[in-house]
Amino acid sequence: MIEKSCVVLCGGKSSRMESNKTILPFGAYRLITYQIIKLSQIFSSVAISLKENKKDEILRILDDDISKTKINIESIQIITEDLEYFSPLFGILNCFDTLNANEIFFIPVDYPFIKSHTIGVLINNSNDCDVVYAKDSNKMHPLIGIWKRNIKDKIAKALKNNEFKILDFLSSCNAKSIYFDTLEFVNLNTKQDYENALKILREEYGTK
């Protein structure tokens, strides 16, 4: 068990999916519940970051799904923000303002196949950096990684200056990317991505 805080980021628009991807059926549960169950076996503390207007819907889903598990729903902290902007930097800053944590491991809800080993490698390589995040042969994944509180003021300054692009922000930090295998970073952006992920779930994880 990793004694750190983990936050599942659920604040995106889901515009390419054309529906709220957070609550898509995934195996025996919904996508958010699948992630919570998986990450609760890795981290001592798991929270969810989302827009305020999605909170009630997500809580209903979690209450229904988690009642089938041994997880205590009250142990899952819900962190909300109601800004109209969708830059992940707002969610990250809000998490540091809310949680009493010097380091937070972030992961978007729509990356269901990230392995515990990958998480461990990222954390174990974070001692000398502000941010350590994943990359593969296709692209960077700056929202899969560990971020440190000491750059909170720098995030706030960037947002105040309307600098919303996360990779641009990371170029101004002591940040490091670590390469991993591409297959682990299946991202559910579109309906076709979702169908492909369900196929992987059936074929590689034996889930119907």
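## A hairpin to start with

In this predicted model, strands β7 and β8 make a hairpin, and four residues lie between them. Strand β7 covers residues 131–135 and pairs with β8 in the antiparallel sense, over five bridges. To find this pairing in the structure, look for Val131, whose bridge partner in β8 is Trp147. Another place to look is Val132, which stands opposite Ile146 in β8.

Once you have found these residues, it helps to know one general point about strands. In a regular strand, side chains alternate between the two faces of the sheet.

## Neighbours on either side of the pairing list

Which other strand pairs with β8? Strand β6, residues 103–108, does so in the antiparallel sense, over four bridges. Here Phe105 stands opposite Ile146 in β8. You have met Ile146 already, as the residue of β8 opposite Val132.

Strand β7 has a further pairing too. Its partner is strand β9, residues 175–179, and the two run in the parallel sense with five bridges between them. Follow Tyr133 across to β9 and you reach Ser177, its bridge partner.

## Are these strands buried or exposed?

Start with β8, which spans residues 140–148. Eight of its nine residues are buried, so the rest of the structure largely encloses this strand. Strand β7 tells a similar story: four of its five residues are buried, so β7 is also largely enclosed by the rest of the structure.

Now step back to the whole protein chain. Of its 208 residues, 51% are buried.

## The whole chain

How many helices and strands does the protein chain have? Its secondary structure comes to seven helices and nine strands. The C-alpha atoms fill a box of roughly 45 × 35 × 35 Å along the principal axes.

Is that what you would expect of a compact globule? For 208 residues, such a globule would have a radius of gyration near 17 Å, and the protein chain has 16 Å, which agrees. Contacts add to the picture: among those with a separation of 6 or more, 74% join residues that are 24 or more positions apart.

## The surface and the charges

Finally, look at the outside. The protein chain exposes about 10700 Å², and carbon and sulfur atoms supply 45% of that area.

How far apart are the mean positions of the positive and negative charges? The chain has 27 positive and 27 negative charges, and their mean positions are 2 Å apart.

Terms used. Residues are numbered from 1 along each chain as its sequence is written. This is a predicted model: local features need pLDDT of at least 70, side-chain atom pairs count only at pLDDT 80 or more; totals for chains, interfaces and linings use all residues. Side-chain values use heavy atoms; hydrogens and water are left out. The radius of gyration is taken over C-alpha atoms; the globule rule is 2.2 Å times the number of residues to the power 0.38. Buried means under 20% relative accessible area, exposed over 50%, partly exposed in between (1.4 Å probe, protein chains only). Contact means heavy atoms within 4.5 Å. Accessible areas come from the Shrake-Rupley method with a 1.4 Å probe; for residues, only the protein chains shown count as cover. Lys and Arg count as positive and Asp and Glu as negative; His and the chain ends are not counted. The place of a charge is taken as NZ of Lys, CZ of Arg, CG of Asp or CD of Glu. Two strands pair if DSSP finds at least two bridges between them.
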